[in-house]
Amino acid sequence: MSSGTEGSTDLAARRPAGGGVDQVRVMAIVLCVILVALVVPPVVILIIRSVSVTNPDATVGGFTLAHYARFFTNPDLYESLFNSVVFSVFSTILALLFGGTLAWLVERTNTRFKGLAYVTTIISMGTPYILYVSAWLFLLGRSGPFNDAWRTLTGSFQPLFDPYSMWGMVLVEGFLWSPLVFLLLSSTFRQANADMEEAARMSGAGVLQTVWSISIKISMPAILALALFVFIRAIEAFEVPLMVGLPGGIDVLTTDVYKSIRETIPPDLGYASAYSVVLLFVVAVLLSFYGRLAKNAGKYSTVTGKGYRPRQFDLGRYRWIGDAMVLFNFLIVLVLPLLALFWLSLLPYMRSIRLEAIAQFSLENFATVLQSSYYRELALHTLVVAASAATAGIVLAFFTGWISARRRTGGQVLDQLATMPLVFPGIVMGVAFMMVFLAVPLPIYGSIWALAIAYTVRYLPYGLRYTYAGVLQIHSELEEAGGVSGATPIQMLRRIVAPLLSPAILSGWLFVFLIASKELAVAALLSNTQSQVVAVGMYDLWRNGQGGELAAFGLIWATVMTCVASLFYFATRDGDRAQAL
Amino acid sequence: MDRRQFSLGMGALAATGLGIPGLRAHAASPELIAAAEAEGQVVWYTTMIVDQAVRPLVAAFEERYPNITVEFSRAGSDETALKIINEGQADRMLGDVFDGVSTFASVMAAGFVEPYSPDSASDYSAQFKDPEGHWHALNFYFLTAVHNTDLLSAEDAPQTYQDLLDERWRGNMVWPVDATPVGAPGLIGNILLTMGEEDGMAYLQQLAGQGIVNMAASQRAVLDRVILGDFPIGLMCFNHHVAISQAQGAPIDWIRMEPVMASASLLGLVRNGPNPNAGRLLVDFILSREGQEVLASTGYLPTHPEVAALNPDLLATGPQPFDTTFMAPDIVEQNLADWVRITDELFL
């Protein structure tokens, strides 16, 4: 492709129109074709299924609106909807407050023990939810150390507090997502321009005032976008409502669907599909708010060609509060769950924490896990699938994020296509992709590539948030300078945008890799004998009551993932340092 | 609805309990073995607990037939049925053999079960096999109430279904809510079959007021909650799981709450599976005396008439006999949807 003329049009007008082959336009068209092929079939198959009759022999045929009628006339719908909203709002607030404060403390203040916050985050990002939820439920449960002490004191069966409640759900979900919030907001805070904060401080503003009127407001698009993500994830959440809510008799929308699915064997997916289509509309509305927000995002870009490593706030005599918070996070999100798992892994059956149980300690669970080729295969499959999905996803997200953040032709369409997978609850996406893979004449179904493709689609929106937010923070003057110097868009992306974006790209890759490695809902239906993955294996262990083996395998897996995550973490930090130079 | 008493030829079983090994050693036909070895592998969609039952069976099969590897995938009854039906409808069957308490009704209705009556199962009692060979029972289950012996002594523990209505147990019982006859719906069915429609529903209404804690997990996981001490009482737990845990020293015991629910796990061949001969060989092996002895050695209760259970106390016809309600496959097929609906309406 020729370059000279394009470089100059690029500078003259941000959206070069016509005049020969436009690299950006070709890129947009290619991306559009790929995204349509990945994202549209599951949606179409869901819509068809939601208006189709499911026959007794499990074939699908005939048009019906019965599934929708059932959805809207379900008397429990409003109670479940209310529970879903309460659960999602409060767990989002908890995750944002806790994770966000932590991120700010670690990135922008002189709080100590920062390493612990990263260690906690890295390990927790690679640890499947099932492992966390079961560990917390053990700790907070009726036989956990707190309730156990209470019951020993009172001699009654009745526990002091019941984790199987709405507040138990909110606490568990909130802490489950706080590491994600920390990871995402820490990169935002790290890259924010400190000039305005310093100006505020010099004009006499206190720390809190500066944080409120400058730091938070600068990061507002990132915070709101993140809140939306966590909220949507909580609406779609399955593990916590299933493991915590169901025993406590608290239904949310997803457990309603779960209950409707389990009414018949095999499940009638028509109702679940109708539910998903309704949710698709709800989320589309939420996303339109986000779109409006992003429209004004230009005025928030603070990264320019200038040196931008922000200086840190001195917390002075309040420093101990920051220290305490970092330590609290380290304890709650890392140490206690790990200790609980370690305790369980050494015992032949689940026992509460008592001195006399120590006599039963053995390494048998670890021996079983390490000797079994089954667990090795689980691990290998998971690493391959997660790495493939992260790589494919972040490549798509890089180009899509740039085109849409820079408002190039087709940017909005690409953004919407790449964001669409968010509307899928995981279990529904698994079902939809299963139907798609069975319908295409390629031997994908049952292989690990089925999982890799589904994960790529599922986590594309997450990768996109990294690249999109990253591009927004790079002032376009740098790209314009490249254009003036005669670079083609591809050269400019490669030589200017990609290096500047490398922390975001690496963080995004790391994030998608880690979150894909613990995906359960999609994998539950797509994984097969040749493609079992860790999260599914752990879910089976939990369901089967193999708690000791689950704990042992969980600890070994968490160790492996921590090694992988640390490699990428240091790569990311090196990238940052290189940039700072 | 009719109620069937579960009366196996357990007397005969007890008599042959110390059966002479090797006397009736089973051997599959050389043609089948050759054809199976040519296929080289077999895929088993199972609902059984992996560490307790699947791994020992697979190891024994692979030792017996070293040229054939077994790939297995463990899932619940609903997911297993869904996988087979979807693969079948797409004409892309990947599984060869499957099992489960409630997988058969839907998979058979969809036409994806291949009838097969292996020689090894010719002596099985009539209630343990389908006359047309669609399924054979590979092990059976007794499900009943259990109690944590640290929290609750045998004297204090409830003994009858009426005892469960005691104020003391409100909020202190837990059960598995899987939509299968071995989950909460099985207890509903047991009550309705035993007490009759009207009295049964009246009882269930009262039971629903007891706030039984629902767990979307296996009976094994529910039992672990009781062992842990989260709840003093568990319902719908397998008595052989209790015995396995007792052997490890766990503070747990099972209650002869009559009639105890009895059920069987069924084994069958997938139609148009990729390895039909190896599939036949695996079914043949699991049902054979050799396979059933492996299963019995894990503490499971074998269906083979000549294989004795490791712990005869667990059997309805053991030293301390107990009354049962047998959930025969046809009873389950007719009533399961109703039982699941009642579970959902009253208890979930």
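Biologist: How many salt bridges count between chain B and chain A?

Modeller: This is a predicted model, where local features need pLDDT of at least 70, side-chain atom pairs count only at pLDDT 80 or more, and totals for chains, interfaces and linings use all residues. Residues are numbered from 1 along each chain as its sequence is written, chains are lettered from A in the order in which they are written, and side-chain values use heavy atoms, without hydrogens and water. A salt bridge puts a side-chain nitrogen of Lys or Arg within 4 Å of a carboxyl oxygen of Asp or Glu. Between chain B and chain A the count is one.

Biologist: Which side chains meet in a salt bridge?

Modeller: The N to O distance is 3.1 Å. The partners are R55(B) and E549(A).

Biologist: Which element gives the most to the side of chain B that touches chain A?

Modeller: Helices (H or I, at least four residues) and strands (E, at least two) are DSSP runs, numbered from the N terminus. Elements giving two or more residues to that side include α3 (50-64) and α12 (329-347) of chain B. The most, 10 residues, comes from α4(B).

Biologist: How many residues does each chain bring to the contact?

Modeller: Contact means heavy atoms within 4.5 Å. Chain B brings 61 residues, and chain A brings 53 residues.

Biologist: Is M27(A) buried or exposed?

Modeller: M27(A) lies in helix α2 (residues 23-50) of chain A. M27(A) touches F399(A), W402(A), I403(A), I490(A) and L493(A), not counting residues up to four places away in sequence. Buried means under 20% relative accessible area, exposed over 50%, partly exposed in between (1.4 Å probe, protein chains only). At 10%, M27(A) is buried.
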